[in-house]
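Work through these short exercises on charged side chains. Try each task before you read its solution.

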Amino acid sequence: MNQKFYPLRASENFLSFQFESQSEERTIAKAVELVRIGVNVYNLAFGDLAEHGDLNDQVVSNNGDMHKILATVAQAIILFFKAYPGEQVYFTGSSPARTRLYRAILNRERENWSMVFEVKGVLNGEPIPFKSSSDYDGFLVSCKK
């Protein structure tokens, strides 16, 4: 993505990342977590980090920095792929509206990611070529060779 992003703190195994969303009103702790869900596939989750350490992917923070947050998540994926180059990352929105938002952002940023990543839409459990006009259940990202 061709956006500014927040500094990330990565876990030793590059499966967990933390950063802070900042506005004039508040600072919100955020996290990105990758969990193996299949052979060569990791599920990506991100959201607000609660005080007790749980990730809340349902909250709408409205901190005015959505593009910077998503660019930070993209940086986490890049770091993950540097550590796990043969793996794939699956993600979906916590609601159909968020999944559509991710599709729109992927489409808008296609020029920035298409040289490095292969992105497929996932529909009914099957990965298919990404098209900006199609609805998907989620997305599957891998590094191009």
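The exercises below deal with salt bridges and burial.

This is a predicted model, where local features need pLDDT of at least 70, side-chain atom pairs count only at pLDDT 80 or more, and totals for chains, interfaces and linings use all residues. Residues are numbered from 1 along each chain as its sequence is written, and side-chain values use heavy atoms, with hydrogens and water left out.

**Exercise 1.** State how many salt bridges the rule gives.

Solution. Start with the rule: a side-chain nitrogen of Lys or Arg lies within 4 Å of a carboxyl oxygen of Asp or Glu. Applied here, the rule gives five salt bridges.

**Exercise 2.** Describe the pair K30 and D48.

Solution. Take the distance: N to O is 2.5 Å in this salt bridge. Next, place the residues. K30 is in strand β3 (residues 27-38) and D48 is in strand β4 (residues 41-49), so the pair ties together parts 18 residues apart in sequence. Strands are DSSP runs of E, at least two residues; helices are runs of H or I, at least four; both are numbered from the N terminus. Last, check burial: both K30 and D48 are buried. Buried means under 20% relative accessible area, exposed over 50%, partly exposed in between (1.4 Å probe, protein chains only).

**Exercise 3.** Find the burial class of each partner in the salt bridge of E109 and R108.

Solution. Their closest N and O atoms are 3.2 Å apart. E109 has 6% relative accessibility, so E109 counts as buried. R108 has 40%, so R108 counts as partly exposed.
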